[in-house]
Amino acid sequence: MSKGTKTVVAKTSAKKTEVEKKSAAKCAAPKAAAPKAAKSAAEKKTAAKSAAPKAAAPKAAKPVAEKKTAAKKPAAPKAVKKVTVALEADCPLATTVSVAGSFNSWIVDVDMLKKDKKSGLWKIKLELIPGEYEYKFVCDGKNWDEGANKVIKV
């Protein structure tokens, strides 16, 4: 009896398998065509979720970090507005007058003043970044103002 039962079970399981294969093949074609459109969005999300954390997450993290550093570099240098400052010196006997200070590294012959013919004063306009600067006038390239440095706050 066990042999007969095995044969019957084997035939039945074989028949079921063939029937399932045929029905699956018939049903699979129409089901596969229609749900592909519906599955495409859902499957893409599922596939993206399952695939993205495994392989794409480390790759995506590196370019994001590079973009942030690249974005920070151009943003860092801000244009500082310079302020125009007018300086005057009363040196009636001088032939040349310049100004040396912390704004030009105390170089004597960089910022030369021009003599105003009407008033007799030596004048210059400088564009400086806001801050506090010390300076002195230099007459004829040798004679510095006596006393303490003058201070200008911009």
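Three aromatic pairs turn up when the whole structure, which is a predicted model, is searched. A pair of aromatic rings is described by two values, the distance of the centres and the angle of the planes.

In one of these pairs, the rings of Phe-103 and Tyr-133 have centres 6.0 Å apart and planes at 85°, and because an angle over 60 degrees counts as edge-to-face, that is how the pair is classed. Where do the two residues of this pair lie? Phe-103 is found in the loop between β2 (97-101) and β3 (111-112), whereas Tyr-133 belongs to strand β6 (residues 132-139), so the pair ties together parts that are 30 residues apart in sequence. Both Phe-103 and Tyr-133 are buried.

Another aromatic pair is made by Tyr-135 and Phe-137, whose rings are edge-to-face, with 5.6 Å from centre to centre and 85° between the planes. Are these two residues buried or exposed? Tyr-135 has a relative accessible area of 10% and is therefore buried, since the cut-off is under 20%, and Phe-137, with a relative accessibility of 3%, counts as buried too.

The account now turns to charged side chains. Side chains of opposite charge can pair when their charged atoms come close. In this model there are four salt bridges, and the table gives three pairs, among them two that involve Lys-123.

| Salt bridge | N to O distance |
|---|---|
| Lys-123 and Glu-88 | 3.7 Å |
| Asp-116 and Lys-123 | 3.4 Å |
| Lys-153 and Glu-132 | 4.0 Å |

The salt bridge between Lys-123 and Glu-88 links distant parts of the chain, with Lys-123 in strand β5 (residues 122-128) and Glu-88 in strand β1 (residues 83-89), 35 residues apart. Lys-123 also meets Asp-116 in a salt bridge, and Glu-88, Asp-116 and Lys-123 are linked in a network of salt bridges. How exposed are the members of this network? Lys-123 has a relative accessibility of 33% and counts as partly exposed, Glu-88 is partly exposed with a relative accessible area of 47%, and Asp-116, at 26% relative accessibility, counts as partly exposed as well.

The salt bridge between Lys-153 and Glu-132 joins two strands: Lys-153 lies in β8 (residues 150-153) and Glu-132 in β6, so the pair ties together parts that are 21 residues apart in sequence. Lys-153 and Glu-132 are both exposed, whereas Tyr-133, which lies in strand β6, is buried.

Key. Residues are numbered from 1 along each chain as its sequence is written. This is a predicted model: local features need pLDDT of at least 70, side-chain atom pairs count only at pLDDT 80 or more; totals for chains, interfaces and linings use all residues. Side-chain values use heavy atoms; hydrogens and water are left out. Rings of Phe, Tyr and Trp (its six-membered ring) pair if their centres lie within 6.5 Å; planes under 30 degrees apart count as stacked, over 60 as edge-to-face and the rest as tilted. Helices (H or I, at least four residues) and strands (E, at least two) are DSSP runs, numbered from the N terminus. Buried means under 20% relative accessible area, exposed over 50%, partly exposed in between (1.4 Å probe, protein chains only). A salt bridge is a side-chain nitrogen of Lys or Arg within 4 Å of a carboxyl oxygen of Asp or Glu.
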